[in-house]
Amino acid sequence: MNEPEVLKRILSRDRVIAVVGLSNHAYRPSHSVAAYMQSHGYRIVPVNPAYANDTAGVLGERCYASLGDAAQALAQEGAAIEMVDVFRRPEEAAAVAQQAIAIGAKSLWLQVGVINDEAAARAKAAGLDVAMDVCVKIEHERLLGATHRANAPAPRMPE
């Protein structure tokens, strides 16, 4: 698990990310990580029942109470959740893994500190790529950052 080629495959392939436990508070890690991924062209789908009825959403996106609700809404627009990024307590990860399998996600990403071998094994057995106890933002910068910087326009120098 967490082999660079697997992480790179997830980050290159899975462009629609459901962030389970996404906070609307900018000081929370879930918020800064999701904002970073959004700024790099990934679609963020917030999943947090605390904000599901908030018309402002999170990061400008509608927030859903569950992965199932989010998957249903995206299906109506012809889209699908590809990665499930988990910012929840480790003991909640197995249930999230089961939901990720049920909606047909391609990968399960358990953030730093979210260590649950049962969740990882269940997702892998169902054919999902799995990352555990690593940060999607850090791995994106480490594995794909140089590529993004190489393709970015040169900074404009003051005259």
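Contact here means heavy atoms within 4.5 Å. Keep that cut-off in your viewer for the whole tour. What you have open is a predicted model, where local features need pLDDT of at least 70, side-chain atom pairs count only at pLDDT 80 or more, and totals for chains, interfaces and linings use all residues. Residues are numbered from 1 along each chain as its sequence is written, and side-chain values use heavy atoms, with hydrogens and water left out.

**Stop one: the core**

Select Val84 and show its contacts. Leaving out residues up to four places away in sequence, Val84 touches Ala18, Val20, Leu67, Val96, Ala100, Ile103, Ala105, Ser107, Leu108 and Trp109. Now pick Val86, in strand 3 (residues 83-86); strands here are DSSP runs of E with at least two residues, helices are runs of H or I with at least four, and both are numbered from the N terminus. Is Val86 buried or exposed? Val86 is buried, at a relative accessible area of 0%. Buried means under 20% relative accessible area, exposed over 50%, and partly exposed in between, with a 1.4 Å probe and protein chains only.

With the same sequence neighbours left out, the contacts of Val86 are Val20, Val96, Leu108, Trp109, Leu110, Gln111 and Val114. Draw a C-alpha to C-alpha distance to Gln111: 5.9 Å in space, for a pair 25 residues apart in sequence.

Next, widen the selection to the largest nonpolar core (a set of buried Ala, Val, Leu, Ile, Met, Phe, Trp, Tyr and Cys residues joined through side-chain atoms within 4.5 Å). Of its 29 residues, Val45, Leu67, Ile81, Val84, Val86, Leu108 and Leu110 touch the most other members. Two or more residues come from each of strand 1, strand 2, helix 3, strand 3, helix 4, strand 4, helix 5 and strand 5. There is also a second, separate core of 25 residues, including Met37, Ile44, Leu143 and Leu144.

**Stop two: helix 4**

Colour residues 93-103, which make up helix 4. Which of its residues are buried? They are Ala93, Ala94, Val96, Ala97 and Ala100. These sit on the same side of helix 4, because they cover an arc of only 160° around the axis, the arc being that of the directions from the helix axis to the C-beta atoms. Show what they pack against: strand 1 (16-20), helix 3 (67-76), strand 3, strand 4 (107-110) and helix 5 (117-125). Just after the helix, click Gly104, which has a positive phi, near 80°.

**Stop three: salt bridges**

Count a salt bridge when a side-chain nitrogen of Lys or Arg is within 4 Å of a carboxyl oxygen of Asp or Glu. How many salt bridges does this rule give? The count comes to 10.

Start with Asp129 and Arg13, whose side chains meet at 3.0 Å, N to O. Asp129 lies in strand 5 (residues 129-132) and Arg13 in helix 1 (residues 4-13), so this pair ties together parts 116 residues apart in sequence. Asp129 counts as buried at 14% relative accessibility, while Arg13 is partly exposed at 30%. Add Arg9 and Asp14 to the selection: along with Arg13 and Asp129, they are linked in a network of salt bridges.

Then go to Glu77 and Arg43, with their closest N and O atoms 2.5 Å apart. Glu77 is in the loop between helix 3 and strand 3, Arg43 is in strand 2 (residues 43-47), and 34 residues separate them. Glu77 is partly exposed at 48%, and Arg43 is partly exposed at 26%.

Finish at Glu92 and Arg89, where the salt bridge is 2.7 Å, N to O. Glu92 is partly exposed, with a relative accessible area of 22%.
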